[in-house]
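Subject: Structure handover

Hello,

Here is the structure I said I would pass on. My notes on it come after the model.

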Amino acid sequence: MKKRRQPVKKPLFIVLISIHGLVRGHDMELGRDADTGGQVKYVVELTRALGERPDVEKAILLTRRVVDEAISPDYAQVMEPLSDKASIVRIECGEEKYLRKELLWDSLDNFSDNVFTFLKSQERVPDLLHSHYADAGYVGARLSHQLGIPLVHTGHSLGRSKRLRLLASGISRGQIEDTYKMSRRIEAEETTLSAAERIITSTGQEIEEQYGLYDFYQPERMCVIPPGTDLDHFYPPRESEKESPIARELKRFLHRPTKPMVLALSRPDPKKNIVTLIDAYGESPQLQEAANLVVVAGNRDDIQDMDEGARGVLNDILLAIDRHDLYGKVAYPKHHRPEEVATLFRLATASRGVFVNPALTEPFGLTLLEAAACGLPIVATEDGGPIDIIRNCRNGHLVDPLDKEAMAETILRTLVDKKEWRSFAKNGLAGVRHHYSWQAHVEKYLDVVRPLVEKTAPLIRMAPIRRRSISRKQALFAELDLSLIGENYSLTALMQTLHAHRKTVLFGIVTGRRLDNALATLRKHKIPQPDVLISGQGTEIHYAPSLTQDTIWNRHINHLWNPRAVRETLREIPGLSLQPKQHQSAFKISYYIDTTVISGQQVRQLLQHNEQAVNVLVSFGQYLDVLPLRASKGLALRWCSEQLDFPLESTLVAGVTGADADMLRGNTLGTVVDNRHITELSELANIEGIHFSEASFAAGILDAMTHYGFPAQEEGAP
């Protein structure tokens with residue numbers, strides 16, 4: 001009996017749209033400016049990879065034509081072939097000169113009309129449009145409706161998340177609007193989400209934590225396809241690497257440069273958690289004997305000339321190396337060229353070393369894929385993208401980024417178990433090629449988009465009722481210890497309730513713990529990352545989705561702060577003893593207090609008499625924290641209210657200790673969670689409007705939500 005022949009699939013005509021930046025197929029000027037980066041490389045490589053497929057008839061990348069004496073004439077060419085079936089086509093878009101993307105919004109309708117004319121001149125209408133970023137999404141949505149063909153969209157970055165990062169950097173809402181045209185961008189993203197048949201993301205976290213904040217969030221239309229890795233640039237080691245300039249640079253740091261290499265490579269950002277890795281290495285004599293540590297944290301000339309965040313991280317790195325006396329065992333080069341990243345991975349592989357990513361949060365983890373493509377086993381944070389990468393590639397271990405002892409043990413085991421090392425190296429090479437190469441990316445991509453093209457019925461576009469929530473106007477902030485955590489059943493119920501209202505209620509956590517300790521506690525209790533995390537008794541503020549630190553807040557609270565004078569004043573005061581170093585921070589000096597010997601009020605008066613303008617807090621009856629005068633949980637909460645534009649009158653706040661008092665007072669919906677043995681907030685009982693719950697832990701917060709009718713029903717909701 002003859003087998004039935006499978007029908008031959010019609011080759012697809014795919015049009016990609018990426019408008020801003022300088023787009024060409026050779027010598028890409030990546031990093032020239034904010035608009036010419038990873039997105040440009042991605043769209044060019046995707047177009048080229050599509051053109052290599054036999055089931056693709058033609059792939060065209062549409063971008064903006066630029067005529068400007070200040071840039072290469074390449075960008076004025078109308079047509080640039082990438083291969084026999086793939087090309088870049090440049091379309092007129094308003095003013096000819098090169099403009100940053102924020103200045104293109106008024107020209108997008110012009111660009112859209114010109115693209116429509118171009119597409120109608122083709123032998124046939126495309127099967128699919130794929131837009132990249134909000135500006136192309138706006139154009140793609142218009143053309144999709146005009147031509148009646150499906151639209152696929154990749155956001156690359158999203159306006160709502162960008163706005164939070166900009167606010168954290170100290171830029172006002174007015175400046176953000178003037179410079180970045182953020183309202184137009186977000187509105188274009190909403191329009192695109194309402195029109196697109198599929199949204200392609202790099203990770204599942206991106207779907208939930210970023211797109212989940214949009215009015216037209218439709219997760220059933222979203223799918224994860226990780227970007228491809230450049231296997232022509234990242235590959236296993238060759239002999240030539242050993243004599244490379246970067247190899248010679250590393251050798252000058254190391255007493256025994258032939259030992260295996262533990263490599264860490266990232267920008268100098270506190271979230272990358274490099275100091276914890278150095279501490280893990282420094283506290284493990286066995287790991288120091290087995291391997292050298294190589295820390296590549298960006299490029300620097302003079303640390304003092306760098307921005308505050310990078311300067312702080314690099315100073316902490318140098319102090320940690322000195323604290324553990326790791327000279328001759330750790331290399332920390334000042335400079336490396338972009339093309340030397342692959343060389344570093346190959347040098348580590350040749351040494352039979354390991355790549356470590358200890359980041360507190362890692363949405364994707366491209367460096368992990370690049371390491372794997374060079375045959376280098378990995379040890380990575382158990383947060384976000386690395387989970388998927390190690391599951392797919394089986395080339396390393398996941399670790400808790402805050403558990404130094406476990407991190408050191410895992411790295412050491414990976415180094416000394418030669419059989420496992422070889423298996424990880426082999427699996428990584430195969431896994432990247434199978435799951436994360438451009439060929440694998442395009443295979444998954446076509447599996448997603450072809451069913452959209454082959455529908456025989458007209459496209460049915462959903463028209464969901466839009467609920468306006470461009471900035472969430474209700475918020476819930478809770479103290480972490482004894483308010484949120486303490487009883488699992490009620491905590492689960494509270495998290496489910498907040499998840500159901502995540503588009504209209506902003507969720508914040510406040511705590512006296514340091515950031516790293518708070519994150520470890522969240523992970524232990526399976527509490528999702530909040531929208532806002534206020535830590536260190538109100539001295540630090542971080543915003544989701546990437547734990548972006550509000551550095552302007554730190555500059556704001558630095559006013560009149562003199563920690564050296566505070567320590568000197570309190571050095572030998574009876575009833576006070578300094579807490580261990582891990583509980584101290586730049587803006588928080590923490591003591592144990594014996595309240596039978598001295599009171600918090602007496603400490604405050606003593607500091608004031610010594611001309612120290614500070615805030616003194618006592619919590620849980622035994623901890624005393626001295627903060628800058630402008631810092632507290634309540635002041636940090638009000639700063640966030642101003643920055644993120646949610647009113648205090650619609651903010652439910654739950655606390656349990658004396659340090660929570662100033663965020664419970666005032667116009668907030670204050671709630672004291674009843675945990676019986678806490679009496680520090682009894683003074684609030686006489687203040688009208690503060691709810692004292694009879695329930696404990698998260699159940700007390702749920703009780704308060706019922707008491708206040710929180711969250712209020714959305715306008716227009718049934």
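The notes below cover cysteines, salt bridges and one sheet.

Please keep in mind that this is a predicted model.

Cysteines

Searching the whole structure turned up 0 disulfides. For Cys 223, the nearest cysteine sulfur belongs to Cys 393 and is 19 Å away. A disulfide needs the two sulfur atoms within 2.5 Å, so Cys 223 is in none. Cys 393 is likewise in no disulfide, and its nearest cysteine sulfur, that of Cys 374, is 13 Å away. Both residues are shielded: Cys 223 is buried with a relative accessible area of 16%, and Cys 393 is buried at 1%.

Salt bridges

The structure holds 41 salt bridges. Three pairs are described here, followed by a network.

Glu 29 and Arg 24 form a salt bridge in which the closest N and O atoms are 3.8 Å apart. Arg 24 has a relative accessible area of 9% and is therefore buried.

Between Lys 101 and Asp 35, the closest N and O atoms are 2.6 Å apart. Lys 101 sits in the loop between strand S4 (86-91) and helix H2 (108-120), while Asp 35 sits in the loop between strand S1 (12-17) and helix H1 (38-51), so this salt bridge ties together parts that are 66 residues apart in sequence. Both partners are buried, Lys 101 with a relative accessible area of 13% and Asp 35 at 7%.

The side chains of Arg 173 and Glu 642 also meet in a salt bridge, at 3.8 Å from N to O. This pair links distant parts of the chain: Arg 173 belongs to helix H5 (residues 173-180) and Glu 642 to helix H23 (residues 633-644), 469 residues apart. Arg 173 is partly exposed, with a relative accessibility of 35%.

Shared partners also join Lys 10, Glu 57, Arg 124 and Asp 127 into one network of salt bridges.

The sheet around S17

An open sheet of 8 strands runs in the order S19-S18-S17-S16-S15-S24-S25-S26, and its pairing is mixed. Strand S19 (548-549) and strand S26 (691-692) are at the edges with a single partner strand each, so one side of each has no neighbour in the sheet.

Which residues cover the two faces of strand S17 (residues 532-535)? Val 532 and Ile 534 are on one side, Leu 533 and Ser 535 are on the other, and all are buried.

Strand S16 (residues 505-510) runs parallel to S17, and 3 bridges join the two. Across this pairing, Ile 509 stands opposite Leu 533. Helix H19 (residues 515-524) completes a right-handed β-α-β unit with S16 and S17. H19 packs on the sheet, where it touches S16, S17 and S18, and its direction makes about 125° with that of S17.

Strand S18 (residues 540-543) is antiparallel to S17 and joined to S17 by 4 bridges. Ser 535 has Glu 540 in S18 as its bridge partner. S17 and S18 form a hairpin with 4 residues between them, and Gly 536 in the turn has a positive phi of about 60°.

S18 also runs antiparallel to S19, with 2 bridges between these strands. There, His 542 of S18 stands opposite Gln 549 in S19.

Regards

Conventions
Residues are numbered from 1 along each chain as its sequence is written. This is a predicted model: local features need pLDDT of at least 70, side-chain atom pairs count only at pLDDT 80 or more; totals for chains, interfaces and linings use all residues. Side-chain values use heavy atoms; hydrogens and water are left out. Buried means under 20% relative accessible area, exposed over 50%, partly exposed in between (1.4 Å probe, protein chains only). A salt bridge is a side-chain nitrogen of Lys or Arg within 4 Å of a carboxyl oxygen of Asp or Glu. Two strands pair if DSSP finds at least two bridges between them. A crossover is right-handed if, with the strands pointing away from the viewer, the path from the first strand over the helix to the second runs clockwise. Contact means heavy atoms within 4.5 Å. Axes are lines fitted to C-alpha atoms, for helices over the stretch in contact, and angles run from 0 to 180 degrees between N-to-C directions.
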